[in-house]
Amino acid sequence: MTKREEKLREKLNEKLCYERAWQARGATYIAGTDEVGRGPLAGPVVCAAVIMPLNEEALLLGVDDSKKVSEKNREILAEEIKKRAVAYTICEVSPEEIDRINILNAVKQCMKNCVETLAVTPNVVLADAMDMDFGVESEAIIKGDAKSYTIGAASIIAKVYRDNLMKEYAKTYPEYGFAENKGYGTAAHISAIREKGLCPIHRRTFTKNFWAEGEREPH
């Protein structure tokens, strides 16, 4: 085993502490869930839920908070996570629904949809910072995508899905740079909004404060 593999193995063992604790309490199917896209000005919020096998030979090195993993490695890991998973789901909530019910409720709805549509019912759900009723036992873990193996796995497949979705939207709305900014409020994106107005996938409640005083918000 190389030094890099040793380090990854050490990190992996640290990220399994929550899962091992629940296994010690009798849990067999432990789901992790996370969201991606809470802060962008455009596009849906995406959540994933995943139940990973936790036997030693099935563990996947390199799983981490998706923001800490390179785009290339995220793509590779996402495919492996989906192949190895006992069950996984990916759900999204549209910009229109986010505007209607607010982003916090949209995230809760999205996570709940993911957990409820898993092909295997989990014994417990580990959720990134979300304390809510999933209909089974659950644990909210602050910065869970960096601390829990299963939440990290969920964060990776959710991010890869959403990033690829925004790249597709960029083909329809090329002026906003969605392939690069993924809908987040970069200077170039905000400048494009001011110049071109809003497109159908913009979140109206997120963009209402970007217009200069006396300037009419585009429709």
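Trainee: Before we start, what does "contact" mean here?
Mentor: Two residues are in contact when they have heavy atoms within 4.5 Å. Keep in mind that this is a predicted model.

Trainee: Okay, so what is Asp-64 in contact with, leaving aside its neighbours within four places in sequence?
Mentor: Its partners are Lys-11, Lys-15, Val-69, Asp-145, Ala-146, Gly-152, Ser-155 and Ile-156.

Trainee: Where is Asp-64 found?
Mentor: Asp-64 is in the loop between strand 2 (45-51) and helix 3 (71-84).

Trainee: And is Asp-64 buried or exposed?
Mentor: Buried, because its relative accessibility is 7%, and the cut-off for buried is under 20%.

Trainee: Which side chains make polar contacts with the side chain of Asp-64?
Mentor: Two lysines do. Lys-11 has a polar contact of 3.1 Å with Asp-64, and Lys-15 has one of 2.9 Å.

Trainee: You listed Ser-155 too. Where's that one?
Mentor: Ser-155 sits in helix 7. Ser-155 counts as buried because its relative accessibility is 1%.

Trainee: What else does Ser-155 touch?
Mentor: Besides Asp-64, and leaving aside neighbours within four places in sequence, Ser-155 is in contact with Asp-34, Val-36, Asp-65, Ser-66 and Asp-145. Also, the C-alpha atoms of Ser-155 and Ala-78 are 9.4 Å apart, though 77 residues separate the two along the chain.

Trainee: Ala-78 is in helix 3, right? How do helix 3 and helix 7 pack?
Mentor: Yes, Ala-78 is one of the helix 3 residues that meet helix 7. The axes of helix 3 and helix 7 (residues 149-172) are 9 Å apart, at an angle of about 115 degrees. Their crossing is left-handed.

Trainee: What kinds of residues are in that contact?
Mentor: By class, there are seven nonpolar, one polar and seven charged residues. On the helix 3 side they include Leu-77 and Ile-81, and on the helix 7 side Ile-157 and Lys-159.

Trainee: New topic: helix 9. Which residues are buried there?
Mentor: In helix 9 (residues 187-196), those are His-189, Ile-190, Ala-192 and Ile-193. Seen down the axis, the buried residues of helix 9 fall within an arc of 155 degrees, so they line one face.

Trainee: Why would residues three or four places apart point the same way?
Mentor: Because an α-helix has 3.6 residues a turn.

Trainee: What's on the other side of helix 9?
Mentor: Ala-187, Ala-188 and Glu-195 are there, and they are exposed.

Trainee: And what covers the buried residues?
Mentor: The cover includes helix 8 (178-181) and helix 10 (204-207).

Trainee: What follows helix 9?
Mentor: Gly-197, with a positive phi near 85 degrees.

Technical notes
Residues are numbered from 1 along each chain as its sequence is written. This is a predicted model: local features need pLDDT of at least 70, side-chain atom pairs count only at pLDDT 80 or more; totals for chains, interfaces and linings use all residues. Side-chain values use heavy atoms; hydrogens and water are left out. Buried means under 20% relative accessible area, exposed over 50%, partly exposed in between (1.4 Å probe, protein chains only). Helices (H or I, at least four residues) and strands (E, at least two) are DSSP runs, numbered from the N terminus. The arc is that of the directions from the helix axis to the C-beta atoms. A polar contact is a pair of N or O atoms within 3.5 Å; within protein, one must be able to donate a hydrogen and the other to accept it, and residues adjacent in sequence count only if both atoms are side-chain atoms. Axes are lines fitted to C-alpha atoms, for helices over the stretch in contact, and angles run from 0 to 180 degrees between N-to-C directions. A crossing is left-handed if the near helix is turned anticlockwise from the far one by less than a right angle, and right-handed if clockwise. Ala, Val, Leu, Ile, Met, Phe, Trp, Tyr, Cys and Pro count as nonpolar, Asp, Glu, Lys and Arg as charged, and the others, Gly among them, as polar.
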